[in-house]
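User: Please take a close look at a single part of this model, the surroundings of its salt bridges, and follow the threads that lead out from there. I would like one connected account, with the cut-offs of each term stated where it comes in.

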Amino acid sequence: AFISKEFDILRDDFGQLGQKFSQQRKVLIPKLVERHCELLETVEKLEEILSPSSLIDFLFSSIVICLNIFQLMIFTGDASNLMFNILFIIASTSRIGMLCFFAQLIKDSSQQISDTIFDCGWEDMRDLETRPILQFIMMRSQKPAKLTFMKFSEINVEQYGSVSNFL
């Protein structure tokens, strides 16, 4: 959530570029570009750290959810055992859901930077240094920062939906 909010702050700063004077933009744009690069590097590091454990967690949680659902289908115990299984399924599903939701936030907020720069009036900026830099950032921002399961699959709300389909 922190990284997605940092992308949102960066997006707001890019959105205000059209209101700045040319000299202010010349000072501000390199700082914004540097912040954008730092955020992208942070997402890459987070990907490197979380990717193996996220894949294992997602796979095992999916298997545990399936086994618990199977256990509910052949249920012959008392009501407390039934409630325990239902609560365990809800907890496992919500844990996967939070991971997928926050990864989706990072992806969406990083992708919105391109739209914000496009809407800030970059085409009306007269200085020759600013426009190419903003165009480059727009092109780079169209490829969103995202987290994956060991480059196997993207972590997003669609993956959560695939697990939720079992329920």
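Analyst: The account below starts with the basis of the values and then moves from the salt bridges to the regions around them.

This is a predicted model, in which local features need pLDDT of at least 70 and side-chain atom pairs count only at pLDDT 80 or more, while totals for chains, interfaces and linings use all residues. Residues are numbered from 1 along each chain as its sequence is written, and side-chain values use heavy atoms, with hydrogens and water left out.

The structure holds 7 salt bridges, the term being used for a side-chain nitrogen of Lys or Arg within 4 Å of a carboxyl oxygen of Asp or Glu. One of them joins the side chains of K107 and E154, with 2.9 Å from N to O. This pair ties together distant parts of the chain, since K107 belongs to helix α3 (residues 79–119) and E154 to the loop between α4 (130–141) and α5 (157–164), 47 residues apart; helices here are DSSP runs of H or I with at least four residues, numbered from the N terminus. Both partners are buried, K107 with a relative accessible area of 19% and E154 with 18%, where buried means under 20%, exposed means over 50% and partly exposed is in between, for a 1.4 Å probe and protein chains only.

E154 takes part in a further salt bridge, to K146, where the N to O distance is 3.6 Å. In contrast to the buried E154, K146 counts as partly exposed, at 37% relative accessibility. K146 also leads on to another feature, for it is one of the residues that line the largest pocket.

That pocket has about 250 Å³ of space. A pocket is an open set of points on a 1 Å grid over the protein atoms alone, with protein on both sides within 12 Å along at least five of seven lines, and its lining residues have an atom within 4 Å of a point; the volume is the space filled by probe spheres set on the points, which are joined across faces, edges and corners. Helix α2 gives the most to the lining, with 5 residues. The residues that line the pocket include L40, V43, E44, E47 and E48, as well as R140, K143, P144, A145, T148 and K151.

K151 deserves a second look, for its backbone as well as its place in the lining. K151 is found in the loop between α4 and α5, and its phi is near 60 degrees, a positive value in a residue other than glycine. M150 lies in that loop as well and has a phi near 55 degrees, again positive without being glycine. Most residues other than glycine have a negative phi. The side chains are not covered alike: K151 counts as exposed at 69% relative accessibility, whereas M150 counts as partly exposed at 45%.

To place the loop against the helix before it, consider L134, which is found in helix α4 and is buried, with a relative accessible area of 0%. Although L134 and F152 are 18 residues apart along the chain, their C-alpha atoms are separated by 32 Å. A contrasting case involves L105 of helix α3, where the C-alpha atoms of L105 and E6 are separated by 11 Å with their positions 99 residues apart along the chain. L105 itself counts as partly exposed, at 29%.

Charged pairing is also present in helix α1. The side chains of R11 and D8 meet in a salt bridge of 3.0 Å, N to O, and because these residues are 3 apart in helix α1 (residues 2–15), about one helical turn separates them. D8 counts as buried, at 18% relative accessibility, and together with K5 and R11 it is linked in a network of salt bridges.

Covalent cross-links do not add to these contacts: the structure holds 0 disulfides, a disulfide being a pair of cysteine sulfur atoms within 2.5 Å. C100 is in no disulfide, and the nearest cysteine sulfur, that of C66, is 15 Å away. C100 is buried, with a relative accessible area of 0%, while C37 is partly exposed, at 37%.

Terms used
Helices (H or I, at least four residues) and strands (E, at least two) are DSSP runs, numbered from the N terminus. On a 1 Å grid over the protein atoms alone, a cavity is a set of points where a 1.4 Å probe fits but cannot get out, and a pocket is an open set with protein on both sides within 12 Å along at least five of seven lines; lining residues have an atom within 4 Å of a point.
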